[in-house]
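Please look at the sequence and the structure below before reading on. The report that follows takes up a few places in turn.

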Amino acid sequence: MTNSCAEGPPYCAEGSARLLRPRDDDALRAELRVIAKEFVTPAVVFGGPVSEGTLKISETLGTRTAGLRGLSISPMLGLGGRAITQLRPQSVEDYATARTITHDYDRPVINEGLRSIVAVPVVVGGGARAIIYAAFRQSTPIGSRILDMLGRAGDRLAAEINIRDEVDRRVALIDTLVEGGQAPATSALIEGIREIHTELRVLTRTTPDSVLATSLHALADKLAGLSRGDAPATDVTLSGREVDVLTYVALGCTNAAVAHRLSIKPETVKHYLRGAMGKLDARSRVEAVSRARRLGLLP
């Protein structure tokens with residue numbers, strides 16, 4: 001995806017159609033804080049993103065020295081490098097004497113006083129996108145409870161990164177349309193916009209990141225106007241759920257299908273649909289969709 005922003009892909013100029021993607025490091029830091037609170041025995045937790053196969057430790061909690069922060073870990077080297085390459089958790093009960101790993105990073109690890117360490121990869125799209133570590137200053141077995149806890153954190157972080165990646169892919173098409181300054185010319189492209197709009201609405205319901213959800217809502221609203229150009233001014237305001245329901249109805253979904261996709265009851269779908277029809281002064285679901293599109297509330 002092309003990006004003219006000075007600070008790189010996650011950060012975009014105000015007014016751009018591109019998503020203002022929060023730092024992935026922020027999501028990692030939040031998971032590390034959750035992990036740290038779950039340990040009864042004080043632990044050192046740290047980690048960082050993996051880019052082009054190399055891990056850079058960017059977040060640390062509970063450390064006494066600055067040696068780990070900013071450390072770059074190459075594939076296959078050390079515990080983190082093995083996790084990057086093998087895409088599964090790696091652990092040692094006594095780092096200094098461990099023979100299953102290389103010791104390229106002994107100095108910062110030993111200076112920190114770490115002995116038992118586990119590294120868990122955050123796997124997205126078949127590759128490691130981050131590594132989460134937990135470590136202790138005494139030799140202790142890395143049991144299933146610790147591995148399960150770190151695994152859950154890794155899964156949550158992977159889901160969040162995957163959502164952000166998916167949004168970035170959707171935004172690539174939107175950028176092309178917005179920067180071109182014109183509405184799409186073909187019905188196939190219009191249908192594509194409608195499908196992307198629907199997926200963006202769904203993503204706002206699944207992401208735990210409030211900043212990301214707000215950005216997704218704004219992006220979906222902008223997308224809703226692209227297929228018609230300027231829409232007439234309107235005082236009609238639909239709730240988020242009413243838009244969600246109409247969005248799926250516009251794609252030809254039955255009430256039962258809408259209920260399944262939004263994880264609500266069919267009766268609830270009917271309730272939101274009646275509310276939208278009333279606001280739009282429509283006598284049928286088809287008429288409601290048509291009027292919502294003319295008003296710029298749906299693509």
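In strand S7, Gly127 is the bridge partner of Val124. This model is a predicted one, and the pairing of Val124 with Gly127 is a convenient place to enter it.

**The hairpin and its strands**

Strand S6, which covers residues 116-124, pairs with S7 in the antiparallel sense over 9 bridges. The two strands S6 and S7 form a hairpin that leaves 2 residues between them, and Gly125, which sits in the turn, has a positive phi of about 60 degrees. Strand S7 itself covers residues 127-136 and is mostly covered, since 8 of its 10 residues are buried. Strand S7 also pairs with strand S1 (residues 44-51), to which it is joined by 6 bridges and which runs antiparallel to it. Within this second pairing, Pro49 has Ala130 of S7 as its bridge partner.

**Asp25, a residue of helix H1**

Ala130 and Pro49 both return when one turns to Asp25, a residue of helix H1, which spans residues 24-38. The C-alpha atoms of Asp25 and Ala130 are separated by 9.4 Å, although these positions lie 105 residues apart along the chain when counted as their separation. Apart from residues up to four places away in sequence, Asp25 touches Pro49, Ser58 and Glu59. With Ser58, the side chain of Asp25 also makes a polar contact of 3.5 Å to the side chain.

**Glu112, a buried residue in a loop**

Glu112 is found in the loop that lies between helix H3 (106-111) and S6. Is Glu112 buried or exposed? Glu112 counts as buried because its relative accessibility is 2%, and the cut-off for that class is a relative accessible area under 20%. If residues up to four places away in sequence are not counted, Glu112 touches Gly62, Thr63, Arg64, Thr65, Leu68 and Arg137. Two of these neighbours take part in polar links with it: the side chain of Glu112 reaches the backbone nitrogen of Arg64 at 2.6 Å, and a polar contact of 2.4 Å joins the side chains of Glu112 and Arg137.

**Asn255, a buried residue in a helix**

Asn255 has its place in helix H8, which runs over residues 255-262. Asn255 counts as buried because its relative accessibility is 18%, a value to be set against the limit of under 20%. Leaving aside the neighbours within four places in sequence, Asn255 is in contact with Val269, Lys270, Leu273 and Arg285.

**Two residues with a positive phi**

Glu52 and Met76 can be set side by side, and the table gives the backbone angle, the place and the accessibility of each.

| Residue | Phi | Loop | Relative accessibility |
|---|---|---|---|
| Glu52 | about 50 degrees | between S1 and strand S2 (54-56) | 82%, exposed |
| Met76 | near 70 degrees | between strand S4 (72-73) and H2 | 40%, partly exposed |

Glu52 has its positive phi although it is not a glycine, and Met76 is likewise a residue other than glycine with a positive value.

**The cavities**

Rolling a probe the size of a water molecule over the atoms shows where empty space is left. How many cavities of 30 Å³ or more does the structure hold? The structure holds 2 cavities of that kind, and the largest has a volume of about 120 Å³. The lining of the largest cavity is made up of 15 residues, and those that lie nearest its centre are Ile73, Leu79, Tyr105, Val109 and Tyr133. Helix H2, which covers residues 78-86, provides the largest share of this lining, with 3 residues. By character, the residues that line the largest cavity divide into 13 nonpolar and 2 polar, with no charged residue among them.

**The protein as a whole**

Taken as a whole, the protein contains 10 helices and 7 strands. Of its 299 residues, 45% are buried. Among the contacts in the protein with a separation of 6 or more, 59% are accounted for by residues 24 or more positions apart.

Key:
Residues are numbered from 1 along each chain as its sequence is written. This is a predicted model: local features need pLDDT of at least 70, side-chain atom pairs count only at pLDDT 80 or more; totals for chains, interfaces and linings use all residues. Side-chain values use heavy atoms; hydrogens and water are left out. Buried means under 20% relative accessible area, exposed over 50%, partly exposed in between (1.4 Å probe, protein chains only). Helices (H or I, at least four residues) and strands (E, at least two) are DSSP runs, numbered from the N terminus. Two strands pair if DSSP finds at least two bridges between them. Contact means heavy atoms within 4.5 Å. A polar contact is a pair of N or O atoms within 3.5 Å; within protein, one must be able to donate a hydrogen and the other to accept it, and residues adjacent in sequence count only if both atoms are side-chain atoms. On a 1 Å grid over the protein atoms alone, a cavity is a set of points where a 1.4 Å probe fits but cannot get out, and a pocket is an open set with protein on both sides within 12 Å along at least five of seven lines; lining residues have an atom within 4 Å of a point. Grid points are joined across faces, edges and corners, and a volume is the space filled by probe spheres set on the points. Ala, Val, Leu, Ile, Met, Phe, Trp, Tyr, Cys and Pro count as nonpolar, Asp, Glu, Lys and Arg as charged, and the others, Gly among them, as polar.
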